[in-house]
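This report describes the fold of one protein chain, from backbone details up to overall dimensions. The structure is shown below.

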Amino acid sequence: MGSGTPYFIPLNEAIEISCKRKIKVETEIISIDKSFQRTLSKSISALTNDPPFDNSAMDGFAVKYQETIDPPNKFNISKTIEAGNKFDNIIKTGEAARIMTGAPIPQGADSIIPIESCEVNSENNTVILNQESKPHFIRKKGENFIENDVLLEIGTFLTPEKISLCAAMGHNKVEVFRPLRIAVISTGDELKLPGETLEKGEIYESNTFGLSGLISWLGHEPVRFSSVVDNLDELRKTLDLASKDCDVIITSGGVSMGDRDFVRKIMEDEGEIDFWRIKVRPGSPPLFGAWKNTPIFGLPGNPVSSHVVFRILCAPWLRSLTSSQHPKESQIRVKLEHDIKTVPGFITLRRVHLSDDGNDILATAKHHQGSGNIASIALGEALTLLGPEDSGKKGEYCNALIL
């Protein structure tokens, strides 16, 4: 696609184009202790059955089920079997083995009766069962998974639950993708760091902080650069430094049609542009391409726009590099509680609050929807996904992304 392409392209086309520009993501082997929010680069299979043996699901007595029909029934207590017991245990007719949760089921037993349904006589070492025993109180060998089952595929994003599963499968190390180093650069003469004193015409720079958080959310390493004034030479120096030090570059600001939109200008003259401008509101002017062979996303400067475009455009590209589907926002179906302004042919992502009227999840825009109002997304709960043909009228249903 030629530089400076003047027309808007659909979001799905932009994602498809961006995903054609690949970079290699290195891998490493790490301890599962360090694997939170990392992405598997190799599928892993179980090294054992889970459970490895039939075991009791609760404290009680292991017995033969047929002997517990028509309670109450009296049994001799043959032994006590604790969790971690390494001996071969057997019960005979008329016997019950006291058993602890997780302990292996003795040979001959096929059911468990919980301790609270028994009367134990310690003097003569007997127990009376006041109800039938329960075969389903036994955790069967391999009922969760069996040895060699592939349970976690390449691209799995490791949550606490999945890390626990790694451990249960017998793995203390996993092979994962190395986090990409992603440069985050804001542009504009008016930007000051939080904590500094604002002069007339200045604002606090917020985009790099939000974008860095989103990059970390995806499991990568953000590298925040100082904001760049609207100067081609300074921008070139910063982009050159970022391309040498980082795997990916994300800028915010300077991509629209104005004379001082220098990111667009420098990319048109010296970089490679794969596309520029997509059919979404807010956030329509982003570009994607490469600077010195380093992939670059040029995001809009308005805080909401940069945040939204990262979620719908940058995140899918980053996930594609690691064959991953996560993390990503959940989608729900919502009903609009009032009219929402749409642009024909564009996807509309408005910031809304959610409530439940007992029949539907209602979506309400409570804050000013300007793309410069970061509070609207910070205090909102979801983004509408109104399609190109949706009217946005009150009572209409649409999908929404949960923030």
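Pro 51 sits in the loop that connects strand 2 (44-45) to strand 3 (55-56). The peptide bond between Asp 50 and Pro 51 is cis, with omega about -5°. The model is a predicted one, and the values in this report are computed from it.

A second cis peptide bond is placed between His 326 and Pro 327, where omega is about 0°. Pro 327 belongs to the loop between helix 6 and strand 22. Another backbone detail concerns Asn 125, a residue other than glycine whose phi is positive, near 55°. Asn 125 is in the loop from strand 8 to strand 9. As background, most peptide bonds are trans, and most residues other than glycine have a negative phi.

**The open sheet**

The loop of Asn 125 leads into an open sheet. Six strands make up this sheet in the order 7-4-6-5-9-8, and their pairing is mixed. Strand 7 (111-114) and strand 8 (118-121) form the edges, each pairing on one side only. On average, neighbouring strands are turned by 35° against each other, direction ignored.

Strand 8 and strand 9 are antiparallel and share four bridges. Cys 118 has Leu 129 in strand 9 as its bridge partner. The two strands form a hairpin with four residues between them, and it is in this hairpin that Asn 125 takes its positive phi near 55°.

On strand 9 (residues 126-129) there is also an antiparallel pairing with strand 5 (residues 73-81), again through four bridges. Here Asn 76 is the bridge partner of Thr 126 in strand 9, while Asn 73 stands opposite Leu 129. Leu 129 is thus named in two pairings: opposite Asn 73, and as the bridge partner of Cys 118.

**The barrel**

What is the strand order of the closed barrel? The barrel has five strands, running 22-25-24-26-27, with mixed pairing. From one strand to the next the twist averages 55°.

Strand 27 takes part in two of the pairings described here. With strand 26 (residues 382-385), strand 27 (residues 397-402) runs antiparallel over four bridges. With strand 22 (residues 331-336), strand 27 is also antiparallel, and five bridges join the two. Asn 399 of strand 27 is the bridge partner of Leu 385, and Arg 333 likewise stands opposite Asn 399.

The antiparallel pairings covered so far are set out below.

| Strand pair | Bridges | A facing pair |
|---|---|---|
| Strand 8 and strand 9 | four | Cys 118 and Leu 129 |
| Strand 5 and strand 9 | four | Asn 76 and Thr 126 |
| Strand 26 and strand 27 | four | Leu 385 and Asn 399 |
| Strand 22 and strand 27 | five | Arg 333 and Asn 399 |

**Helix packing**

Helix 6 is a partner in both helix contacts described here. The axes of helix 1 (residues 11-18) and helix 6 (residues 303-321) cross at roughly 30° and come within 10 Å. With the limit for roughly parallel set at angles under 35 degrees, helix 1 is therefore roughly parallel to helix 6. The crossing of helix 1 past helix 6 is right-handed. From helix 1, Leu 11, Ala 14, Ile 15 and Ser 18 meet Ile 312, Leu 313, Pro 316 and Trp 317 of helix 6. Of the residues in this contact, seven are nonpolar, one is polar and none is charged.

How do the axes of helix 3 and helix 6 cross? The axis of helix 3 (residues 207-217) comes within 10 Å of that of helix 6, and the angle is roughly 25°. By the limit just given, helix 3 is therefore roughly parallel to helix 6. This crossing, too, is right-handed. Helix 3 contributes Asn 207, Leu 211, Leu 214, Ile 215 and Trp 217, and helix 6 contributes Pro 303, Ser 306, His 307, Phe 310, Arg 311 and Arg 319. By class, this contact of helix 3 with helix 6 holds six nonpolar, three polar and two charged residues.

**The chain as a whole**

In total the protein chain has seven helices and 27 strands. Its radius of gyration is 30 Å, whereas the globule rule gives 22 Å for 403 residues; the value is well over the rule, so the chain is more spread out than a compact globule. Along the principal axes, the C-alpha atoms fill a box of roughly 95 × 50 × 45 Å.

Methods
Residues numbered from 1 in each chain as written. Predicted model: local features only at pLDDT ≥ 70, side-chain atom pairs only at ≥ 80, totals over all residues. Heavy atoms only, no water. Axes fitted to C-alpha atoms, helices over the stretch in contact; angles between N-to-C directions. Parallel < 35°, antiparallel > 145°, perpendicular 65-115°, else oblique. Left-handed = near helix turned anticlockwise from the far one by under 90°. Contact = heavy atoms within 4.5 Å. Nonpolar A, V, L, I, M, F, W, Y, C, P; charged D, E, K, R; others polar. Pairing = 2+ DSSP bridges. Rg over C-alpha atoms; globule rule 2.2 N^0.38 Å.
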